[in-house]
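Here is a short briefing to read alongside the model. Keep the viewer open and follow the topics one by one.

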Amino acid sequence: MVAKMKCIFELKQISKAFPGVLALDKVDFALRSGEVHVLLGENGAGKSTLIKIMTGAFQHDSGEIYFDGEKTKISDPIHAQRLGISAVYQEFNLIPHLDAAMNIFVRKQPMKGKLIKYMNKQEMYQKSEQILSDLGVKIDIRLPVKHLSVAYQQMVEIAKALIWDAKVVIFDEPTAVITEEESHQLFKVINRLKKRGVAIVYISHRLEEIYEIGDKVTILRDGKFIDMIDLNKNKVDVDTIISKMVGRALDEKFPKIKVAHADEILRVEHISCGDKFQDVSFSLRKGQILGIAGLVGAGRTEVAKAIFGADPITDGEIFFEGKKVKIKSPLQAIRLGISLAPEDRKTEGLVQILSIKDNMIMANQERFIRNGVFLKKKIYQECADMVNKMQIATSDIYKQVKQLSGGNQQKVVLAKWLIANSKVVIFDEPTRGIDVGAKIEVYQLMNELVANGVAIIMISSELPEILGMSDRIIVLKEGRLTAELDINEATQDKILKHAT
């Protein structure tokens, strides 16, 4: 076990306000070298604001910051990097066509030459290989990063942080987009950093991870400090942590309701999409939740996009409400009553620069137009009602959607399809990157949809979620359907067996 050194980074009584919102209210946070300090809280609890203050992206309104024992003001992200504070975000900041080494040193290139300075490529490649080797990672550093897997791209981001002699590395949802096996490789890298005395701030909505790598946990709620738990001294259980995060006990993590399944609404027969997936068949009834399971790359998202008309179907047939249909575009699918809440909500589910209101009505604007004029009162009323119904944390519906937390952005995506009166809703990773309280709200929304006769297809990499919310489950492997299971016979072991 690494001996804990002195406190390297401390924030005392930090407050930060935005128009209409007190994001942080006298929050304390202390970080020691060689430890992993997990930062937990629901979406909107203040985690992102605190991280942005730590990295110099935001300036705090009141409170004090101490780094390496000295009181300081972190003026901007460059200042933070020079101090030794780096962050690895869920959305990578890489230049796709440049190789790994160039990305690692993109802002700190080694130079040589006396009169005319130019890049020392040999030194850059040698240092890149050394940094990655120290992390226990072997990557072809001359390969453009766009050709690397997501997990390897993440390692390049970590290497970028380390060239600044990082004393503190912040990981923001690092396992949200990688497989379980890749997550374990990441944890090995984090443990290597710990042994070198690097202090780690770790943010994740996957609570089971904190026991694998965490030393301490700080919990925020509604912008306030709630508790700090030393996991090496206090083996607190997940339910206790959840109750501190949400301010109440969650009696049931998967509140599935039983609904009588009505007529078949969707049937796909032997559909294929080139080499993305082949010969997939299933049917879906009103009021039913069909779970689609499989490993990353199994073709689950590709099947969803093909049904939604975003990818072409090269073979097979689709029947909707008993009639054979050819869905050649998302617009056609939307007009039929099929919607898709995509895995990548930021780029595929929302237009970030538009308002909450504009995103909500985007899929069915015709409902709000009469004689060529938008019905502004009707739009405002429906959007405001949806904000209240889905408990979206916002001061008004005119705020840009990019200003919302990840969980609230997901709610806007779902609200868009509720306003569009969809008959079939495809959820692709509906709870990825959102907190446990918001997950329950999404599940309750699913219950409301199926109770009203809407049919749901749910794609998820979390097997407890698939088992907890589905009525039937199909399993894909390498683009082919390998099993169809009734929920009464389905288990994690059976699903994994058919998925691998």
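Strands E16 (residues 315-320) and E17 (residues 323-325) pair in the antiparallel sense, with three bridges between them. Keep in mind that this is a predicted model. The notes below start from this hairpin, then move to the six-stranded sheet, the helix pairs and the overall dimensions.

**The E16 hairpin and its neighbour**
- Within the E16–E17 pairing, Phe319 has Lys324 in E17 as its bridge partner.
- Two residues lie between the strands of this hairpin, and Glu321 takes a positive phi near 50 degrees there.
- E16 also pairs with strand E13 (residues 264-273): the two run antiparallel and are joined by five bridges.
- Which residue in E16 is the bridge partner of Arg267? That partner is Phe319, the residue that is also bridged to Lys324 in E17.
- As background, strands of a sheet pair through backbone hydrogen bonds, in either a parallel or an antiparallel way.

**The six-stranded sheet**
- An open sheet of six strands has the order E6-E9-E10-E3-E11-E12, and its pairing is mixed.
- Its edges are strand E6 (85-88) and strand E12 (224-230), each of which pairs on one side only.
- From one strand to the next, the twist averages 20 degrees.
- At the E12 end, strand E11 (residues 216-221) pairs with E12 over six bridges in the antiparallel sense.
- If you would like a marker for that pairing, look for Lys216, which stands opposite Asp230 in E12.

**Helices lying across the sheet**
- Helix H5 (residues 150-162) lies across E6 and strand E9 (168-172), and runs at about 170 degrees to E6.
- Helix H6 (residues 180-195) lies across strand E3 (36-40), E9 and strand E10 (199-203), running at about 150 degrees to E10.
- E9 is therefore a handy place to look for both helices, since H5 lies across E9 and H6 lies across E9 too.

**How H5 meets H6**
- The axes of H5 and H6 come within 11 Å and cross at roughly 15 degrees.
- An angle under 35 degrees counts as roughly parallel, so H5 is roughly parallel to H6.
- The crossing of H5 past H6 is right-handed.
- On the H5 side, the contact is made by Ala151, Gln154, Met155, Ile158 and Leu162; on the H6 side, they meet Glu182, Gln185, Leu186, Val189 and Leu193.
- Sorted by class, this contact holds seven nonpolar, two polar and one charged residues.

**How H13 meets H14**
- Helix H13 (residues 376-389) packs with helix H14 (residues 406-419) at an angle of about 130 degrees, and their axes are 11 Å apart.
- Are these two helices parallel or oblique to each other? With that angle they are oblique.
- The crossing of H13 and H14 is right-handed.
- In H13, Glu382, Cys383 and Met386 meet Ala415, Leu418 and Ile419 in H14.
- By class, the H13–H14 contact has five nonpolar, no polar and one charged residues.

**Overall dimensions**
- The protein chain has 17 helices and 24 strands.
- How does the radius of gyration of the protein chain, 24 Å, fit with a compact globule? For 500 residues, such a globule would have a radius of gyration near 23 Å, so the value agrees.
- Taken along the principal axes, the C-alpha atoms fill a box of roughly 75 × 50 × 50 Å.

Note on methods
Residues are numbered from 1 along each chain as its sequence is written. This is a predicted model: local features need pLDDT of at least 70, side-chain atom pairs count only at pLDDT 80 or more; totals for chains, interfaces and linings use all residues. Side-chain values use heavy atoms; hydrogens and water are left out. Axes are lines fitted to C-alpha atoms, for helices over the stretch in contact, and angles run from 0 to 180 degrees between N-to-C directions. Helices (H or I, at least four residues) and strands (E, at least two) are DSSP runs, numbered from the N terminus. Angles under 35 degrees count as roughly parallel, over 145 as roughly antiparallel, 65 to 115 as roughly perpendicular and the rest as oblique. A crossing is left-handed if the near helix is turned anticlockwise from the far one by less than a right angle, and right-handed if clockwise. Contact means heavy atoms within 4.5 Å. Ala, Val, Leu, Ile, Met, Phe, Trp, Tyr, Cys and Pro count as nonpolar, Asp, Glu, Lys and Arg as charged, and the others, Gly among them, as polar. Two strands pair if DSSP finds at least two bridges between them. The radius of gyration is taken over C-alpha atoms; the globule rule is 2.2 Å times the number of residues to the power 0.38.
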